[in-house]
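Reader: I would like a close look at one part of this model, the packing of its helices. Please keep the account plain.

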Amino acid sequence: MACQSVKTLSEEELQLYRQHFQMFDLNGDGTISSRELRKASRRLGYRLTDQQIETIMRSNDLDCDGSLSFEEFIQAMPANVKSISEEEHRIAEIRRKFSEFDEDGSGSVSATEAHQILQKELAFTPAQSAELVARHDKNNDGQLSFEEFVAFYSQVKAKADKIQKMFREFDKDSSGSISTDEAKLMLGRFGISDKDIEALIEKYDTNKDGELQYGEFVAFLMNA
């Protein structure tokens with residue numbers, strides 16, 4: 001059977017997709033049917049046609065049992081760039097993030113809702129969140145419609161992607177956290193003293209384990 005074209009997924013993305021997979025694996029047997037695939041795909045922001053669902057099942061159900069394992073699901077949906085276009089992947093991500101931001105399900109995103117996510121992902125202050133929402137709130141109603149959210153999220157994603165790239169560069173041993181030595185190695189290039197680096201890490205190391213996890217690193221980077 002022909003091999004599907006795939007894209008690489010991060011550990012965070014794999015964790016997200018596993019959560020959604022398990023949500024629709026109702027009997028807990030580690031597989032989902034084509035009907036469950038449709039429901040899961042909508043939850044993930046996709047709007048696939050019957051033909052796409054059929055093609056995806058036929059191409060990825062490698063053991064021909066009429067269902068997809070988690071590994072088959074990953075190849076079939078988020079990593080699939082053959083049956084699902086890059087544009088469909090992009091719009092699906094925006095729909096998924098819009099639902100995440102729109103906590104009350106009102107169909108729009110308030111500055112308060114935006115701040116809850118921006119604080120966690122980018123260490124924004126309430127004022128920074130309100131300013132970014134206002135910048136994209138074209139009709140000045142204090143909310144972001146889906147159309148306004150598209151431009152808003154593009155800016156947020158660009159900033160988040162940049163921070164994630166920097167985190168990977170700092171995390172030399174790929175441990176998922178930044179040690180003092182790793183921080184010194186990177187920041188020492190900019191003439192920052194070891195003493196100042198140690199003080200910064202101590203300030204943003206909220207769980208006091210001597211290292212910076214991703215959320216702590218974001219706050220460190222955005223406010224240091």
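Is the crossing of H7 and H8 right-handed or left-handed?

Author: This is a predicted model, and the crossing of H7 and H8 in it is right-handed. Two packed helices are described by the angle between their axes and the distance between the axes. For helix H7, residues 126-136, and H8, the axes come within 9 Å and cross at roughly 135°. An angle that is neither under 35 degrees, nor over 145, nor from 65 to 115 counts as oblique, and H7 and H8 are therefore oblique to each other. On the H7 side, the contact is made by Leu132, Val133, Arg135 and His136. H8 contributes Glu148, Ala151, Phe152, Gln155 and Val156. Sorted by class, the contact of H7 with H8 has five nonpolar, two polar and two charged residues.

H8 also packs against H5, at an angle of about 100° and with the axes 10 Å apart. That angle makes H5 roughly perpendicular to H8. From H5, the contact takes in Glu93, Ile94, Arg95, Lys97, Phe98 and Phe101. The H8 residues that meet them are Phe146, Phe149, Val150, Phe152, Tyr153 and Lys157. Phe152 of H8 is thus listed in the contact with H7 and again in the contact with H5. By class, the contact of H5 with H8 has eight nonpolar and four charged residues, and no polar ones.

H5 and H8 have a further role in the picture, in the lining of the largest pocket. This pocket has a volume of about 1500 Å³ and is lined by 35 residues. Helix H5 (86-101) and helix H8 (146-170) each give two or more residues to that lining, as do helix H1 (11-24), helix H6 (111-122) and helix H11 (214-223). Nearest the centre of the pocket lie Ser10, Glu12, Glu13, Leu16 and Gln164. The lining divides into ten nonpolar, nine polar and 16 charged residues.

Key: Residues numbered from 1 in each chain as written. Predicted model: local features only at pLDDT ≥ 70, side-chain atom pairs only at ≥ 80, totals over all residues. Heavy atoms only, no water. 1 Å grid on protein atoms, 1.4 Å probe; cavity = no way out; pocket = protein on both sides within 12 Å on 5 of 7 lines; lining within 4 Å. Points joined across faces, edges and corners; volume = space filled by probe spheres on them. Helix = DSSP H or I, 4+ residues; strand = E, 2+ residues; numbered from the N terminus. Nonpolar A, V, L, I, M, F, W, Y, C, P; charged D, E, K, R; others polar. Axes fitted to C-alpha atoms, helices over the stretch in contact; angles between N-to-C directions. Left-handed = near helix turned anticlockwise from the far one by under 90°. Contact = heavy atoms within 4.5 Å.
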